[in-house]
There are 2 protein chains.
Amino acid sequence: MRLNLNKIITMQLLKETLQREGLRYTKQRQEIWNELRSSNEHRDAEEIFFALRKRGLEISRATIYRTIDVLVKYNLIDKLDIGDGRARFEYNDKYLHHDHLICTSCGKIVEFHNDEIEELQKKIAKQHNFKFSHHSHQLFGICEDCK
Amino acid sequence: MRLNLNKIITMQLLKETLQREGLRYTKQRQEIWNELRSSNEHRDAEEIFFALRKRGLEISRATIYRTIDVLVKYNLIDKLDIGDGRARFEYNDKYLHHDHLICTSCGKIVEFHNDEIEELQKKIAKQHNFKFSHHSHQLFGICEDCK
DNA sequence: TATTTTATTGAGATTAAGTCTCATTAAAAT
DNA sequence: ATTTTAATGAGACTTAATCTCAATAAAATA
């Protein structure tokens with residue numbers, strides 16, 4: 001298959017989300033979304049800025065931050081706090097969602113997914129009459145190598 | 001009971017933790033710990049600073065931040081990110097631990113505790129050979145009043 | 001108890017993540 | 001093609017958090 005179907009589908013997702021919310025499908029939003037989408041890393045705003053610059057794109061930091069806010073708000077990316085001073089973000093694949101286990105000694109990040117926890121989260125939100133949208137869930141400890 | 005036993009016990013906990021780690025049991029650390037301990041609020045560094053000031057204590061912001069780092073490191077308080085730009089902290093009562101459900105519209109915070117999730121967290125850390133210390137767990141959604 | 005050692009503190013300078021402003025640009029509606 | 005209005009860029013601005021270093025005070029030692 002020559003066609004990048006996955007990319008087409010996710011770009012369509014962005015377009016539809018923005019249209020649904022009455023927002024514009026701009027070149028910059030496409031580039032930022034594509035950059036986050038095409039990598040599994042946990043990236044901060046500055047890294048995204050330099051990644052786009054490296055690809056020859058002129059884009060403002062303000063636009064990075066503004067676009068990130070939109071993507072988080074509509075659940076296209078997840079925000080993640082690993083305890084250094086910056087917010088990190090990653091593509092939210094709803095069908096392969098994961099949380100994070102972080103070593104407080106070396107900073108290593110292990111991703112995990114647990115359906116039981118996801119179910120319990122929905123249940124708890126429902127009990128309190130909340131319309132559940134997303135969660136932030138980090139476990140901290142000392143990894144095998146650092147023990 | 002005239003004696004504030006609860007306070008004596010928690011002050012002892014601070015003293016023993018600091019001694020165990022070779023750190024000093026200072027007046028400032030006692031005051032900050034006492035301030036956090038005596039309230040259930042989710043407070044940021046600035047609020048703690050002003051609370052102590054109001055009680056006539058001269059203390060530096062730098063000391064607040066440094067002490068908070070120590071208390072978080074040794075699990076005496078929990079760090080919490082509700083999505084505004086500041087870190088918030090609260091007394092970590094190990095026997096009455098709770099997580100947070102946050103309304104993204106009005107900012108309301110509902111506390112909850114779920115033993116099943118706690119057990120799953122320990123299990124996941126163990127599976128990855130991590131020595132589990134603590135977690136950060138926030139659920140986001142829209143509350144009943146905002147729907 | 002007095003002295004010594006060394007971690008901690010205070011005050012303010014510094015850093016840097018993130019936000020804001022406003023003139024300009026470009027989506028998308030007409 | 002024209003109009004409308006949201007989005008962008010560049011850099012100033014804000015502010016949470018960190019850093020510096022001389023002064024202070026815990027706690028160890030004599």
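**Two-fold symmetry and the surface near DNA strand C**

Biologist: Which residue of chain A comes closest to the rotation axis?

Modeller: In this predicted model, local features need pLDDT of at least 70, side-chain atom pairs count only at pLDDT 80 or more, and totals for chains, interfaces and linings use all residues. Residues are numbered from 1 along each chain as written, chains are lettered from A and ligands numbered from 1 in the order written, and side-chain values use heavy atoms without hydrogens and water. At a C-alpha distance of 2.2 Å from the axis, the residue is His137(A).

Biologist: What relation links chain A and chain B?

Modeller: Chain A can be laid on chain B by a turn of 180° and a shift of 0.0 Å along the axis, with an RMSD of 0.1 Å (least-squares superposition on the C-alpha atoms of residues with pLDDT of at least 70 in both). That is the relation of a two-fold axis.

Biologist: Which helices each supply at least two residues of the surface near DNA strand C?

Modeller: A residue is near the strand if one of its heavy atoms lies within 4 Å of it, and helices are DSSP runs of H or I with at least four residues, numbered from the N terminus. The helices are α4 (61-73) of chain A with α2 (27-37) and α4 (61-73) of chain B.

Biologist: How far from a phosphate oxygen of DNA strand C does a polar side-chain atom of Thr63(B) lie?

Modeller: Thr63(B) is among the residues that come nearest to DNA strand C. A polar contact here is a pair of N or O atoms within 3.5 Å. For Thr63(B) and the phosphate oxygen, the distance is 2.5 Å.

How values were computed:
A polar contact is a pair of N or O atoms within 3.5 Å; within protein, one must be able to donate a hydrogen and the other to accept it, and residues adjacent in sequence count only if both atoms are side-chain atoms.
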